[in-house]
Amino acid sequence: GLECSTVLQLHPQHPAWAWRIRVRNTAATPRRVEVLHAQDLGLADEGAVRNNEAYTSQYLDLLPVHDATLGWVVLARQNQAMTGGHHPWLAVACADGAAGFCTDGTQFFGADHRLTGEPAAVRLPALPSRRLQYEFAVAGLQSRARDLAPGASTEYVIVARFLADHPAASGPQDLALLRELFPATWLTDEPAKVARVDPALRPMSVFLHSPWQHGDTPTESDWKAWFPGERRHEERGPEGGLLSFFHAADTHVVSRDKEAAIARSHGHILRSGRALWIDDDQFGVTCYAAGIFGAQAYLGNPSFTRLLSVVRNALNVVRASGQRVFLRRGAGEWRQLGVPSAFVLQPGMVRWIYRLGADVIEARVWCSQELSASFLELRVVAGGAYVFLVTHQVVIGATEFEHPAKAEVFAPAGWITFEPDEESLMGRHQPGACFALAAAEPGTLAALGGDGSLYADGIERGGPYATLRTKPVRSFGVIMLGSHAGATRLPAAVSAARAEYALSARPAHLPVAPLPRLAGADPGVSRLNDVLPWFDHNASIHFSAPHGLEQYGGAAWGVRDVCQGSVEW
């Protein structure tokens with residue numbers, strides 16, 4: 001019942017811009033309309049933001065100010081000096097007054113965005129109008145409501161004013177910088193002839209149009225079947241549902257409901273090999289519960305020698321980073337695997353269990369003890385065959401989209417090689433470093449290549465993606481591996497990794513400090529006995545491959561990090 005158009009215009013003199021949102025009621029009944037605006041904020045040197053947005057957000061001062069005319073205004077200043085001692089600054093306002101505001105993406109999108117795929121702001125009556133200084137800085141505004149009669153139109157204008165340097169802290173006096181933009185006579189009418197593309201003709205990737213496929217909430221019989229025997233330290237929600245527990249010798253299990261309720265996704269870091277010390281040949285991967293089966297896959301150095309991109313958002317707002325999985329039945333639509341029914345963590349392995357009605361699908365990731373490799377296994381535990389599409393956002397270096405990787409597809413053999421661009425940091429300092437992405441069993445593949453499989457027309461568009469699409473199967477395996485010895489060594493490495501996958505070899509178990517079990521019947525002692533080995537594992541990761549689930553750029557192996565973490569432990 002609404003027809004909308006959005007136009008972005010730049011100010012002719014000032015570093016400022018405006019969004020013009022025009023809305024027309026095409027329904028036969030009145031409509032009440034509000035506009036929500038969310039501007040992601042970096043306000044820092046490009047290198048600082050690309051290194052870690054969450055860290056950068058912690059230094060932003062986000063000041064909401066109420067004005068008689070403009071309503072709520074958000075003023076954002078970078079308190080940590082950037083290049084030249086500058087403090088970048090931005091002000092955002094609604095031309096006819098904003099009724100509400102937010103300052104962090106967790107307020108706008110909500111912790112349950114990993115399940116809904118929809119901002120919480122569109123479901124809530126109003127933005128919270130409360131300042132939150134967290135790790136997802138956003139200038140969020142909510143317009144005042146307007147009632148539109150059938151056939152009536154209205155226009156909203158959101159303006160923003162930028163300063164490269166704002167030496168002093170923000171304050172109400174800064175509203176004068178916004179008032180310079182009004183009256184908004186600098187906004188011109190939309191050109192009469194605008195090239196409009198029929199949405200049906202615009203190619204959209206699976207990341208834009210595919211719905212999420214989350215696991216169903218497990219029943220008590222599911223829990224008993226998947227994890228027979230004793231469950232320790234059960235955590236239950238207000239309605240009595242199972243949220244998490246410990247099981248067997250070293251297993252921690254998290255339910256779908258707990259994953260949907262926390263601000264940061266559950267995750268785990270795995271790495272290959274047996275060495276406790278830094279090892280240039282170790283291959284590592286970061287896994288997250290919300291359908292991210294591998295991210296920041298690296299060889300030796302987690303910051304500089306990467307195969308896959310990092311996950312830059314805890315709420316799964318960005319759906320393409322790392323390694324993702326889509327599935328479909330026959331010629332049906334692709335659905336992206338998201339939050340599982342159960343997320344299962346062990347020191348050397350991660351599992352995702354998806355109850356999909358009568359079907360059950362399990363994904364499993366682990367690393368090799370002997371090879372610089374990781375493995376993803378997709379298995380239909382109950383139900384018929386599926387077609388799987390496994391996507392990878394490829395980096396081949398330190399940062400996304402900076403240098404194109406040199407990729408070569410060996411379709412009949414079922415694998416792809418990647419080498420760094422000579423001008424990249426990785427290419428200059430590690431010219432022999434390279435990676436391979438392979439199907440564990442080439443006969444299961446229907447297609448192998450770049451980003452063509454992301455689009456319905458199958459046309460390659462040169463995006464930084466590698467994809468594997470299967471025939472209808474009940475199991476499928478993907479291997480990622482690396483080598484410092486040049487691409488000529490990759491064929492033998494792929495063969496060895498396929499042989500290990502076929503044997504279901506034992507996952508790599510990180511060497512950890514020997515911990516005696518504490519004696520005593522007190523429940524607190526039991527809890528310590530279960531959690532201390534995980535602290536041990538975390539310290540071992542941080543010592544031998546310094547990075548974390550959020551602090552992914554930590555591989556400088558700083559003295560502070562190591563002393564506060566591994567050595568102190």
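This report walks through a predicted model, going from its sheet to its salt bridges, its cysteines and one glutamine.

**The open sheet and its helices**

Let's begin with the sheet. It is an open one, built from 11 strands in the order β13-β14-β15-β22-β23-β24-β25-β32-β29-β28-β27, and the pairing is antiparallel. At its edges you'll find β13 (231–236) and β27 (406–410); each has a single partner strand, so one side of each is left without a neighbour in the sheet. On average, neighbouring strands here are turned by 15° against each other, direction ignored.

Within this sheet, have a look at β24 (residues 359–367) and β25 (residues 373–382): they run antiparallel and are joined by eight bridges. One residue to keep in mind is C367, whose bridge partner in β25 is S374.

Two helices pack on the sheet. Helix α10 (residues 490–503) touches β24, β25, β28 (415–419), β29 (434–439) and β32 (475–483). The direction of α10 makes about 140° with that of β32. Helix α11 (residues 523–544) packs on the sheet as well, with contacts to β13, β14 (242–247), β15 (251–255) and β22 (342–346). In this case the direction of the helix makes about 90° with that of β13.

**Another strand pair**

Now for β30 and β31. Strand β30 (residues 445–449) pairs with strand β31 (residues 465–470) in the antiparallel sense, over four bridges. In that pairing, G449 stands opposite T467 of β31. Strand β30 is also mostly covered, with four of its five residues buried.

**Salt bridges**

How many salt bridges does the structure hold? The count is 28. Three of them are set out here.

| Pair | Closest N to O distance |
|---|---|
| R179 and D67 | 2.4 Å |
| R231 and E220 | 2.9 Å |
| R231 and E234 | 2.7 Å |

Take R179 and D67, which form a salt bridge with their closest N and O atoms 2.4 Å apart. R179 sits in helix α5 (residues 175–179) and D67 in strand β5 (residues 60–67), so the pair ties together parts that are 112 residues apart in sequence. As for exposure, R179 is partly exposed at 43% relative accessible area, whereas D67 counts as buried at 7%.

R231 brings us back to the sheet's edge. Its side chain meets that of E220 in a salt bridge of 2.9 Å, N to O. R231 lies in strand β13 and E220 in helix α7 (residues 220–226), so this pair ties together parts that are 11 residues apart in sequence. R231 also has a salt bridge with E234, at 2.7 Å. Put R236 into the picture and you have a network: E220, R231, E234 and R236 are linked by salt bridges. Is R231 itself buried or exposed? R231 is buried, with a relative accessible area of 17%. Its two acidic partners are a bit more open to view: E220 is partly exposed at 36%, and E234 is partly exposed at 34%.

**Cysteines without disulfides**

The disulfide count comes to zero. For C4, the nearest cysteine sulfur is that of C94, 15 Å away. C4 is exposed, with a relative accessible area of 53%.

C367, the β24 residue paired with S374, is buried, with a relative accessible area of 1%. Why is C367 not bonded to C287? The sulfur of C287 is the closest cysteine sulfur to that of C367, but the two are 7.6 Å apart, which is too far for a bond; the cut-off for a disulfide is 2.5 Å between sulfur atoms.

**A buried glutamine**

Last stop: Q296, in strand β18 (residues 292–299). At 2% relative accessibility, Q296 counts as buried. Leaving out residues up to four places away in sequence, Q296 touches G284, V285, T286, P302, R306, L308, S309, V310, H547 and Y552. What does the side chain of Q296 reach at 2.9 Å? The backbone oxygen of P302 lies at that distance. Finally, there is Q393: Q296 and Q393 are 97 residues apart in sequence, and their C-alpha atoms are 9.8 Å apart in space.

Key. Residues are numbered from 1 along each chain as its sequence is written. This is a predicted model: local features need pLDDT of at least 70, side-chain atom pairs count only at pLDDT 80 or more; totals for chains, interfaces and linings use all residues. Side-chain values use heavy atoms; hydrogens and water are left out. Buried means under 20% relative accessible area, exposed over 50%, partly exposed in between (1.4 Å probe, protein chains only). Contact means heavy atoms within 4.5 Å. A polar contact is a pair of N or O atoms within 3.5 Å; within protein, one must be able to donate a hydrogen and the other to accept it, and residues adjacent in sequence count only if both atoms are side-chain atoms. Two strands pair if DSSP finds at least two bridges between them. Axes are lines fitted to C-alpha atoms, for helices over the stretch in contact, and angles run from 0 to 180 degrees between N-to-C directions. A salt bridge is a side-chain nitrogen of Lys or Arg within 4 Å of a carboxyl oxygen of Asp or Glu.
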